[in-house]
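Grab a pencil and open the viewer. Try each task yourself before you read its solution.

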Amino acid sequence: MYDFNYHRPKDIKQAVKILRDSEDGVPMSGGMTLVPTMKQRLAAPSDVVDIAAAAGSGIKASTSKVTIKAGTTHATVASHPGIQKHCPSLAALAGMIGDPHVRNKGTIGGSIANNDPAADYPSACLALAAKIVTNKRTIDADKFFKGLFETALRDNEIITEVEFACPKRGAYAKFPNPASRYAMVGVYVADHGRKGIRVAVTGATDSAHRNKAMEKALTEDFAPGALDSVKVKSDDMNDDIHASADYRAHLVTVMAKRAVAASG
Ligand SMILES: Cc1cc2nc3c(=O)[nH]c(=O)nc-3n(C[C@H](O)[C@H](O)[C@H](O)COP(=O)(O)OP(=O)(O)OC[C@H]3O[C@@H](n4cnc5c(N)ncnc54)[C@H](O)[C@@H]3O)c2cc1C
């Protein structure tokens with residue numbers, strides 16, 4: 001690890017000022033991704049601005065929406081009674097992330113900002129029509145995830161909270177990497193009634209995305225069998241030591257069917 005300056009600002013305003021004044025500063029939340037990256041010398045920020053306390057932890061849950069402060073850990077989301085009641089599929093997704101250590105340190109803000117191609121939360125954001133709130137603006141999830149580890153966030157822009165629409169029914173099904181628990185493929189299916197059905201896929205390509213053909217098929221018939229007619233192409237799927245592109249394409253259909261069956 002290279003030398004760096006460490007800061008712990010009291011609020012987001014102060015965090016942004018430190019970031020602006022620094023040569024090449026970065027915000028840090030749980031540090032679950034940033035710290036290993038720095039230890040491997042893949043990142044060498046001049047300043048690390050620890051926003052865990054400034055971003056805060058907190059959840060508001062009602063029948064129609066769930067709002068989560070950026071500094072909230074995965075473990076807190078997984079065990080929150082309001083989310084378990086009004087949006088059980090989201091609590092279940094958080095409970096599937098990594099291991100207890102990762103779930104107790106990693107935060108929703110850090111996960112979404114990082115946009116790892118195999119992360120779970122990006123699929124929840126797309127399936128639950130999330131609004132990502134920053135210190136500068138509110139961004140629709142559909143416009144937020146831009147590509148491999150790329151988002152719509154600009155320099156010195158910090159996620160402060162995320163708002164999810166609770167579906168009438170829905171589920172997330174994931175085929176985890178047996179070592180890291182990251183998604184080899186994960187599919188989130190959400191039925192928002194008159195507002196439509198959303199199907200979001202993670203782990204399969206550079207970045208989480210919606211599968212519009214599956215959404216159309218499930219709008220006609222919300223049943224696992226409806227997905228038999230949808231061909232998932234492997235052309236742009238990830239192909240690595242963990243799984244071939246063809247295998248991932250196959251998993252997308254299998255996980256989508258499991259999610260529909262679990263939606264109840
Ligand atoms: C062993 C292991 C297993 C894992 N398994 C899974 C898994 O199964 N599924 C899964 O989804 N994830 C998994 N993760 C990732 C984990 O969920 C982390 O929570 C996530 O990668 C980053 O969250 P963090 O709070 O630790 O962010 P950090 O590591 O602190 O930051 C990550 C990046 O986001 C930026 N950032 C942080 N917070 C903000 C913010 N509020 N606004 C703007 N930018 C910000 C940082 O500058 C940095 O670039 C795993 C990680 C590990 C180490």
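Below are five exercises, each with a worked solution.

Before you start, note that this is a predicted model: local features need pLDDT of at least 70, side-chain atom pairs count only at pLDDT 80 or more, and totals for chains, interfaces and linings use all residues. Residues are numbered from 1 along each chain as its sequence is written.

**Exercise 1.** Work out whether R20, N115 and F149 are buried, exposed or partly exposed.

Solution. Start with the rule: a residue is buried if 20 or more other C-beta atoms lie within 10 Å of its own, exposed if 12 or fewer, and partly exposed in between, with C-beta atoms placed from the backbone.
- R20 has 10 C-beta neighbours inside 10 Å, so call R20 exposed.
- N115 has 24 such neighbours inside 10 Å, so N115 is buried.
- F149 has 14 other C-beta atoms within 10 Å, so F149 is partly exposed.

**Exercise 2.** Find where N115 and F149 sit, and look at the sign of their phi angles.

Solution. First, the elements: helices (H or I, at least four residues) and strands (E, at least two) are DSSP runs, numbered from the N terminus. N115 is in the loop between helix 8 and helix 9, and F149 is in the loop between strand 8 and strand 9 (150-151). Next, the angles: phi is near 45° for N115 and near 55° for F149. Both are positive values in a residue other than glycine. Keep in mind that most residues other than glycine have a negative phi.

**Exercise 3.** Follow strand 12 and describe its partners.

Solution. Two strands pair if DSSP finds at least two bridges between them.
- Strand 11 (residues 169-176) pairs with strand 12 in the antiparallel sense, over eight bridges. Here F175 stands opposite V185 in strand 12. The hairpin has six residues between the strands, and R181 takes a positive phi near 75°.
- Strand 13 (residues 197-202) also runs antiparallel to strand 12, joined by six bridges. V189 stands opposite V199 in strand 13. Five residues lie between these strands, and G193 in the turn has a positive phi of about 60°.

Last step: nine of the nine residues of strand 12 are buried, so the strand is largely enclosed by the rest of the structure.

**Exercise 4.** Which residues touch the most other members of the largest nonpolar core?

Solution. A nonpolar core is a set of buried Ala, Val, Leu, Ile, Met, Phe, Trp, Tyr and Cys residues joined through C-beta atoms within 7 Å. This core has 74 residues, and those touching the most other members are L90, A124, C125, V187, V189, A256 and A259. Its largest share, seven residues, comes from strand 12 (residues 183-191). Now zoom in on C125. Contact takes two C-beta atoms, placed from the backbone, within 7 Å. Leaving aside neighbours within four places in sequence, C125 is in contact with I112, A130, I132, A141, F144 and V162.

**Exercise 5.** Describe how domain 2 meets domain 3.

Solution. The bounds, which come from an automatic or database domain assignment, give domain 1 (5-53), domain 2 (56-165) and domain 3 (169-263). The centres of domain 2 and domain 3, taken over C-alpha atoms, are 19 Å apart. Across the boundary, 24 residues of domain 2 are in contact with 25 residues of domain 3. On the domain 2 side, helix 6 (88-95), helix 9 (121-127) and strand 8 (145-147) each supply at least two residues. Helix 9 gives the most, with five residues.
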